[in-house]
Amino acid sequence: MRGNLRALLYLSPWLAGFAIFFVYPLVSTAYFSFQRYDLFTLEPVGLLNWEYFFKDQAAWTAIRNTLWLVVVMVPLRVLFGLGVAQLVTRLKAGAGVYRTIFYLPALVPLVAGTLGFVFLLNPGTGPVDAILSAVGLPGPDWFGDPAWSKWGLTLLGLWSVGDLMVIFMAALLDVPKQLYEAAAIDGADGWRQFTSITLPVIRPVLMFALVTGVIQTLQYFTQAEVAARVASGATDSAGSVFTPGYPDQSTLTFPQWLFQQGFRDYAMGYACVLALVLFAVSMAFTLVLLRQFRFAEEES
């Protein structure tokens with residue numbers, strides 16, 4: 001009994017923080033989801049907010065866009081980051097210079113990086129489309145065409161892949177070189193060494209990158225918001241109105257719609273419904289990925 005009390009005493013700072021910063025906000029969000037709440041008035045409405053969610057076409061558009069980014073951008077960032085890390089770790093000369101070059105974009109603030117990227121991909125004055133036109137390729141309207149806007153955001157994500165590169169570099173350098181030497185003696189080529197040695201050893205790091213990438217992408221807000229504002233020419237001047245998702249709601253993500261409902265339209269009760277849905281989806285993705293990782297570990 002005394003040992004249990006001592007353990008609870010040691011855990012009390014963490015338990016207090018968990019209760020104050022997680023349990024209480026979660027319970028409050030669930031409570032407000034059954035209210036009509038605009039920061040000034042509170043009126044019970046039962047399941048009305050939840051019923052409206054299933055009829056809200058903009059919310060479902062945001063869900064589709066966010067899932068597209070999760071399914072396409074997250075794996076591409078992981079593969080590109082792993083490829084860059086593999087390349088840099090094999091360089092004999094100038095490795096430090098290349099590491100710095102690839103990592104620098106990850107240090108650029110999100111707003112500044114997105115602004116620069118939109119101007120680079122501008123179909124009229126951007127150098128990227130100018131280079132494509134010089135070689136005879138038509139340059140798309142990256143952030144003005146609904147068919148290309150999410151691909152533009154994906155390119156922005158690949159450009160700032162330096163954070164993943166550093167993580168993968170540490171994992172690759174930690175693989176025992178003796179394993180590669182033994183495999184080479186047995187006649188294994190580079191691809192066989194990669195699939196039989198590198199991937200199994202760095203699997204936990206790959207899972208970490210996937211889980212954190214999915215969680216970050218489910219919360220994707222700043223890049224899509226800034227890119228849509230700049231591409232549409234919207235400003236915050238008096239009388240101007242900006243609806244997120246330009247063009248044609250193709251860049252509307254779920255966190256953007258949550259922010260729009262809660263802090264622009266002051267529909268806090270409905271915003272709490274969206275917050276709970278986002279929390280549930282994030283938990284579901286994380287649990288599925290961790291379960292798949294456990295099964296893979298057991299099979300190996």
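This report walks through the fold, the helix contacts, the nonpolar cores and a few single residues of a predicted model.

**Overall picture**

Let us start with the whole chain. The protein contains 14 helices and 2 strands. Its C-alpha atoms fill a box of roughly 75 × 75 × 30 Å along the principal axes. Of its 300 residues, 36% count as buried. If you look at contacts with a separation of 6 or more, 68% of them join residues 24 or more positions apart.

**Annotated segments**

An unreviewed UniProt entry carries the annotation "transmembrane region" for residues 7–27, 67–89, 101–121, 151–173, 194–215 and 267–290. Here is how two of these spans look in the model.

| Span | Helix | Strand | Distance between end C-alpha atoms |
|---|---|---|---|
| Residues 101–121 | 86% | 0% | 20 Å |
| Residues 194–215 | 95% | 0% | 27 Å |

**Two helix pairs**

Helix α10 (residues 190–201) packs against helix α11 (residues 203–218) at an angle of about 60°, and the two axes are 4 Å apart. That angle makes α10 oblique to α11. On the α10 side the contact uses Leu199, Pro200 and Val201, while α11 brings Arg203, Pro204 and Leu206. By class, this contact has 5 nonpolar residues, no polar ones and 1 charged residue.

The second pair is helix α2 (residues 48–55) with α3, whose axes come within 6 Å and cross at roughly 65°. Phe53, Phe54 and Lys55 of α2 meet Gln57, Ala59, Trp60 and Ile63 of α3. Sorted by class, the residues of this α2 and α3 contact are 5 nonpolar, 1 polar and 1 charged.

**The nonpolar cores**

The largest nonpolar core has 22 residues, and those with the most contacts inside it are Phe53, Ala59, Val214, Phe254, Trp257, Tyr270 and Leu274. At least two residues of this core come from each of α3 (57–90), α11, α13 (254–264) and α14 (268–299). The biggest share is that of α14, which gives 7 residues.

Phe254 is a handy place to look inside this core. Beyond its neighbours within four places in sequence, Phe254 is in contact with Phe53, Ala59, Ala62, Ile63, Thr66, Leu274, Val277 and Leu278. Another core, of 20 residues, lies apart from the one just described and includes Ala85, Val161, Val175 and Ile197.

**Two residues to visit**

Phe80 lies in helix α3. Is Phe80 buried or partly exposed? Its relative accessibility is 37%, so Phe80 counts as partly exposed. Leaving out residues within four places in sequence, Phe80 is in contact with Leu158 and Val161; Val161 is also among the residues of the 20-residue core. Phe80 and Thr66 are 14 residues apart along the chain, and their C-alpha atoms are separated by 20 Å. You have met Thr66 already, as one of the contacts of Phe254.

Thr114 sits in helix α5 (residues 110–120). Because its relative accessibility is 2%, Thr114 counts as buried. Which residues does Thr114 touch, not counting those up to four places away in sequence? They are Leu156, Gln223, Val226 and Ala227.

Technical notes
Residues numbered from 1 in each chain as written. Predicted model: local features only at pLDDT ≥ 70, side-chain atom pairs only at ≥ 80, totals over all residues. Heavy atoms only, no water. Axes fitted to C-alpha atoms, helices over the stretch in contact; angles between N-to-C directions. Parallel < 35°, antiparallel > 145°, perpendicular 65-115°, else oblique. Contact = heavy atoms within 4.5 Å. Nonpolar A, V, L, I, M, F, W, Y, C, P; charged D, E, K, R; others polar. Core = buried A, V, L, I, M, F, W, Y, C linked by side-chain atoms within 4.5 Å. Buried < 20%, exposed > 50% of the residue type's maximum accessible area, 1.4 Å probe, protein only. UniProt positions renumbered as here; feature names shortened; annotations may be inferred.
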